[in-house]
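Please look at the chain below and follow it from one residue outward. The text starts at a single position and then moves on to sheets, a core, a pocket and two turns.

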Amino acid sequence: MRRVIKKTNYMDKYRKIISFLLIALLLFSSITKLEPRYVEAKELTEYENNSNNVSISTKDNSDVELSYHVNSSWDEYFNVDVTLTNITDEKIDDWEIRLPADFSIENIWNARVMSSEKGSYTIHNADWNQDIPVDGKVSFGMTIKSPQKPDFPKYCNTTRICLGVMTEYKVEYTEYSSWNNYINGKITITNCGNNRIEDWKLMLETNFNIESIWNATILTQEEEEGVCYYDIDNVVNNQNLEPKQCIEFGFIAKCDEKPKIIQSDLFEMKEFTDEIRESCMDADLDDVEDYENDECIFDADYFKTSQEYENYINGLMGKTRKLTRQRTTNDNLNRAITNPISGMLIKSFDFSPSEKAIQNYMPLANGIYTLQHRSNDEKSKEYNDAILMSGSLCGNKYHNFSEKTNLVGFAHGQTFEQFSCNGVGYYLLAGNAKNGFARNLVIMKEEKFEQISHKQTYDIKDWEKKKKSFLVLTDLEYANKKGKKSGPGKMHRVDAALTADGKTMVIWKKLTKPSVVEISLYDMDKIQKKILKNKFEKALSFKDENIRWELKKACIGSFYEQYKVGDDTSKHILQANDSFQSIDIENAGKNTWKILITSGNQKVKKPVSITRIDFKKNGTKKCYREYISFPGIEENKFDFELEGGHIVGDNLDFVVKMAKKSGSGKEQYIATIPLKNIKTILK
């Protein structure tokens, strides 16, 4: 029998052993060094390792939600895919984020690192993922170096805002053909400067009505007295303009005369730089990330001095293209106003000179409630909180203001009304304040003020914690006859008022991107009957499909006004001379209402005026305005400011603050003026 002897190849054996050990080593290395595939981000209010104190937002006030996927890791390196999800209700243009980091970025793709500081990176889009639609996502990747597991924030805000183009440009019209009052033409935008224009937008005024357009999108369009106003946005393939480059978009329009461009203003997305930040000289503007990207448009009333406001405007628009606002100085203020009518001071307030100005008030049988700014302290941000005070009347003077109730998050305090429903009393206030102005309306049960004299504190956030505390009205940008936004913008500010019988509510609101001010009237009987009853368990959204139809039926009527760069602001109806102080409404019978708006602060060079709007249910309106003076008061020694007002019979009673031009101190009064004296037609 023949024996077969198998030879052993020791080299092959050694190779197998070495291969096995290498595979085991790699697996062990992967187990010990590769992080979980999907890394959970942190929801922080402040980044722990960030020396620059980069703010990290929560979901409620953020633009994007971030998620992270670690593809691989070795030594101290990680390959990470980052996904940004748009959690706002509008498209995010030209995204850019400031990402706090306890790591260093070694490489990046589908995005660019614009700047880096210790503890943070500013990351900008690539041209092919520039915009994020509503609920949309974009992604980028990066290789990072970190000695430990990196921390990532879960939410953040974008850092770019829409500003006027500061480089030179041209907007030109070319006509191809015309027929039967129609034209076929194009508009060419040329970047004449040396800087790139990113994500352009065009405000356009013409004498022709565009009916179809290509290579561009019309965001808003309206016509008034033969002038057509457009907000025009780019499309994906022509978003950016390189130096010396031009883009074109075509259209077909109706035109009854020779077509022309009356005015054009070009905008772009820019980073909110330190230069712009420093121009906002108010101390409360330091936390830039706390702002909601409202195009950085703040009412002039927000600033303490006219110079701060001027610096702010100049910083926004740049040195070569400043807003051409109509301004006057204190010296020629009265000369700029033709025949101001006289107001009469009827009651005074016995306040210390350091007391904040009254924003609105409610008269009582033998006293008064006043609503005003809460003094700045460690526990509150000035302008975002209010104080409610009760005082007694002695002769023509209100005094004995000893107790204060803190209203945290209730903004300026311009909205302060009272009404009843089914035998229960309620107050109407404005709340959810940010940057000084309210975004929501709040209905509070009267019983909450039962202990008004006991230094209570009411926080707007308590309605979430203590059910049935407040009814919060949200999504007020949809509060109009159509139940839709009057423009693409975000809510910037809201105030409201009621008729004396509580039957009609008027809502004044300002949206930005672009700037739109809108007024809507609501039948309170319908709101009370269908909506108020048992609705204190959650916020009441004007966008809620379940009650939207009821809200639309309750809306009596609405109208709006768009505010454009270069406007003569003295002709604005709903926010005269860039100033809004308060609104009130009264039923004039026959489906007609009188709406009164107070405006102006001489200290910041804004003429003091009262606007009256006679509004009919069929949508027609007549507008009147008068500028106000106070005979017997030495106007060279005082600056006037109008605040909250109430229609009382045939008069408008309102708060007037008189601040000394030199030195410190102020005096506050309730003044009155007959409604019939407000009769100069505002065209």
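Thr 85 sits in strand S3. The model is a predicted one, and everything said here is computed from it. Is Thr 85 buried or exposed? Its relative accessibility is 15%, and because buried means under 20%, Thr 85 counts as buried. Leaving out residues up to four places away in sequence, Thr 85 touches Asp 63, Val 64, Glu 65, Asp 135, Gly 136 and Lys 137. A further residue to find is Tyr 155, which is 70 residues from Thr 85 in sequence, with 9.5 Å between the two C-alpha atoms.

Strand S3 covers residues 77–86, and the loop between strand S2 (64–74) and S3 holds Asp 75. The phi of Asp 75 is positive, near 45 degrees, in a residue other than glycine. Most residues other than glycine have a negative phi. Asp 75 has 57% relative accessibility and therefore counts as exposed, since exposed means over 50%.

The whole chain can now be put around these residues. It has seven helices and 42 strands. Of its 683 residues, 55% are buried. Among contacts in the chain with a separation of 6 or more, 65% are between residues 24 or more positions apart.

One of the sheets is open and has five strands, in the order S26-S27-S28-S30-S34, with mixed pairing. Which strands stand at the edges? They are S26 and strand S34 (540–541); each has a single partner strand, so one side of each has no neighbour in the sheet. Within this sheet, S28 and S30 run antiparallel and are joined by four bridges. Leu 441 stands opposite Leu 473, which belongs to S30. Apart from its neighbours within four places in sequence, Leu 473 is in contact with Asn 440, Leu 441, Ile 443, Leu 540 and Phe 542.

Leu 441 and Leu 473 also appear in the largest nonpolar core, which has 30 residues. Along with Leu 476, Met 505, Ile 507, Tyr 522 and Phe 542, they touch the most other members of that core. The elements that give two or more residues to this core include strand S26 (416–421), strand S27 (424–434), strand S28 (437–445) and strand S30 (470–474). Also among these elements are strand S31 (490–498), strand S32 (504–512), helix H6 (524–532) and helix H7 (548–554). A second core, separate from this one, has 26 residues, including Val 70, Val 80, Leu 84 and Ile 105.

Strands S31 and S32 deserve a look of their own. S31 is mostly covered, with nine of its nine residues buried. Eight bridges connect S31 and S32, and the two run antiparallel. One of the pairings is that of Lys 490 with Thr 512, its bridge partner in S32. The two strands form a hairpin with five residues between them, and in the turn Gly 502 has a positive phi of about 75 degrees.

Another hairpin lies further along the chain. Strand S36 (residues 582–589) and strand S37 (residues 592–601) pair in the antiparallel sense, over seven bridges. Ser 582 has Thr 598 of S37 as its bridge partner. Two residues lie between these strands, and Lys 590 in this hairpin takes a positive phi near 55 degrees. Lys 590 is in the loop between S36 and S37, and its positive phi occurs in a residue other than glycine. Is Lys 590 buried or exposed? With 82% relative accessibility, Lys 590 counts as exposed.

The last stop is the second largest pocket. It contains about 830 Å³ of space. Its lining has 21 residues, and those closest to its centre are Glu 224, Tyr 229, Glu 561, Lys 571 and Ile 573. Four elements can be located around it: strand S15 (217–224), strand S16 (227–233), strand S35 (555–563) and strand S39 (621–629) each give two or more residues to the lining. Which element gives the largest share? That is S35, with four residues. By type, the lining of the second largest pocket divides into eight nonpolar, two polar and 11 charged residues.

Methods:
Residues numbered from 1 in each chain as written. Predicted model: local features only at pLDDT ≥ 70, side-chain atom pairs only at ≥ 80, totals over all residues. Heavy atoms only, no water. Pairing = 2+ DSSP bridges. 1 Å grid on protein atoms, 1.4 Å probe; cavity = no way out; pocket = protein on both sides within 12 Å on 5 of 7 lines; lining within 4 Å. Points joined across faces, edges and corners; volume = space filled by probe spheres on them. Nonpolar A, V, L, I, M, F, W, Y, C, P; charged D, E, K, R; others polar. Core = buried A, V, L, I, M, F, W, Y, C linked by side-chain atoms within 4.5 Å. Buried < 20%, exposed > 50% of the residue type's maximum accessible area, 1.4 Å probe, protein only. Contact = heavy atoms within 4.5 Å.
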